[in-house]
Amino acid sequence: MKVSIILGTRPQIIKSAPVYVAFRSSGLECEIVNTGQHYDYEMNRQFFSELQLPDPAADLNIGAGTPSQQVSAIISGLGELFEKAKPEIALVPGDTNSALAAGIGCVKSGVPVAHLEAGCRSGEFRMAEEVNRRLLDHMSHLLLCPTSRCVANVRREHVLADSVINVGDTMYDSLLKLAPRASASDPASELGLRHGEYVFMTLHRAETVDDPAALRRVMGAVGRLPLPVAFSVHPRTRARFREFGIAPRPNVKLMEPLPYIETLGMVSGSRLVITDSGGLQKEAFWLGRPSLITRETTEWGEIVRSGAAILVGTDPKRIKLGYDRLQKVEPARFRSARRIFGDGNASAKVVDAVEGYLRNPGRD
Ligand code: UD1
């Protein structure tokens with residue numbers, strides 16, 4: 001029996017790495033198919049080597065393009081690949097354009113789909129990822145949800161999957177495995193930043209960075225904060241800085257996209273995190289750091305309700321107020337909701353769920 005993990009972007013590699021290891025140690029044959037949606041070394045292959053994944057069995061190399069060009073290239077690439085040999089099941093993580101395209105490519109070739117991180121919702125239907133995840137959930141056979149709220153979301157939408165299981169969050173597995181290496185690394189001091197005396201920031205969502213006024217508001221607000229801001233810059237955001245002629249203020253230090261362990265190290269050493277990333281919100285929470293989320297909605301409302309994160313949009317006043325409020329967050333806030341994302345053994349549960357499905361496909 002063979003499982004294919006189909007991925008193509010940075011967060012998908014992080015979500016999949018512990019699952020690949022768990023599949024291999026269970027004795028199940030497992031291979032990786034890389035779509036190449038992220039094509040820079042720092043955004044894709046760097047994570048393979050850091051997370052000790054083997055080279056992909058197949059690389060569709062779709063490269064740059066519009067979302068519709070990328071989605072159609074992945075669908076036809078998978079169709080050709082599956083003409084030669086088909087896996088028994090495909091594991092598709094997350095909600096990127098690669099995930100949507102992988103789902104369509106699989107169902108059109110008769111390959112059942114297990115969606116990893118199923119049921120996650122922001123409620124913002126104009127967001128590309130929200131459309132992707134809803135469609136993917138509806139075409140998947142096995143829904144592997146990271147939280148009980150995600151299970152409730154798919155039940156509420158009457159998604160007709162064969163099986164819906166709360167396995168926990170495989171990003172949490174990754175983080176627990178790599179946290180010791182992250183705390184041993186000290187990337188901040190190499191930049192002349194002192195522990196607890198800087199803000200760590202990432203911004204990459206189209207809603208924030210493709211709108212010049214929104215990007216200017218956020219950059220203006222962080223430029224007035226009293227601490228240095230270490231900003232790991234996504235290639236999309238760097239391109240928008242050039243296009244809109246935005247130059248960061250002196251307290252903002254721009255960095256290339258960081259490797260995973262260094263990212264965790266930067267989060268651990270920070271006073272707080274500013275981000276529009278879904279994954280980084282969780283990582284900050286698990287590492288006990290508060291975050292300001294530069295969006296109006298989040299997939300992870302549990303973290304906001306715990307008081308460890310605040311939604312501030314792109315309004316400078318809300319960013320400053322949020323920053324002041326998050327200066328002191330009691331450690332209990334982080335403990336209160338940690339178990340929501342499972343116990344760090346989500347990958348083993350994914351393997352059990354997939355094996356169970358392959359033994360007995362059909363409705364639960
Ligand atoms: C994608 C996902 C998003 C995820 C993010 C993680 C979708 C709709 N969005 O967003 O959910 O949080 O990945 O990073 O799939 N680019 C490069 N080099 C690269 C990759 C991208 O230069 O390796 C540039 C290109 O100009 C590209 C732009 O960034 O057009 C956007 O890349 P894309 O893959 O479309 O989406 P992300 O913003 O990375």
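Begin by selecting the ligand: the space that it takes is the largest pocket. Please bear in mind throughout that this is a predicted model.

**The shell around the ligand**

Next, display the residues that surround the ligand, of which there are 16; His38, Asn97, Glu129, His204 and His234 come nearest. Colour this shell by residue class, and 5 nonpolar, 6 polar and 5 charged residues will appear. Then switch to a cartoon view and select helix 1 (10-26), helix 5 (128-139) and helix 11 (235-244), each of which supplies at least two residues of the shell.

**Polar contacts of the ligand**

Which atoms of the protein lie close to oxygen atoms of the ligand? Select Gln37 to find a polar side-chain atom 2.9 Å from an oxygen atom of the ligand. At Asp40, a polar atom of the backbone is 2.9 Å from a ligand oxygen atom. Move on to His234, where an N or O atom in the side chain is 2.8 Å from an oxygen atom of the ligand. With the ligand still in view, consider its surface: taken alone it exposes 730 Å², and the protein buries 82% of that.

**The sheet**

Now hide the ligand and select the strands. They include an open sheet of 7 strands, paired in parallel and arranged in the order 3-2-1-4-5-6-7. At its edges are strand 3 (58-59) and strand 7 (163-166), each of which pairs on one side only. To finish, select strand 6 (residues 142-145) together with strand 7: the two run parallel and are joined by 4 bridges. Within this pair, choose Leu143, whose bridge partner in strand 7 is Val164.

Definitions and conventions: Residues numbered from 1 in each chain as written. Predicted model: local features only at pLDDT ≥ 70, side-chain atom pairs only at ≥ 80, totals over all residues. Heavy atoms only, no water. Near = heavy atom within 4 Å. Polar contact = N/O pair within 3.5 Å; in protein donor to acceptor, adjacent residues only side chain to side chain. Areas by Shrake-Rupley, 256 points an atom, 1.4 Å probe, with all protein chains shown as cover. 1 Å grid on protein atoms, 1.4 Å probe; cavity = no way out; pocket = protein on both sides within 12 Å on 5 of 7 lines; lining within 4 Å. Sits in = over half its atoms within 2 Å of the grid points. Nonpolar A, V, L, I, M, F, W, Y, C, P; charged D, E, K, R; others polar. Pairing = 2+ DSSP bridges.
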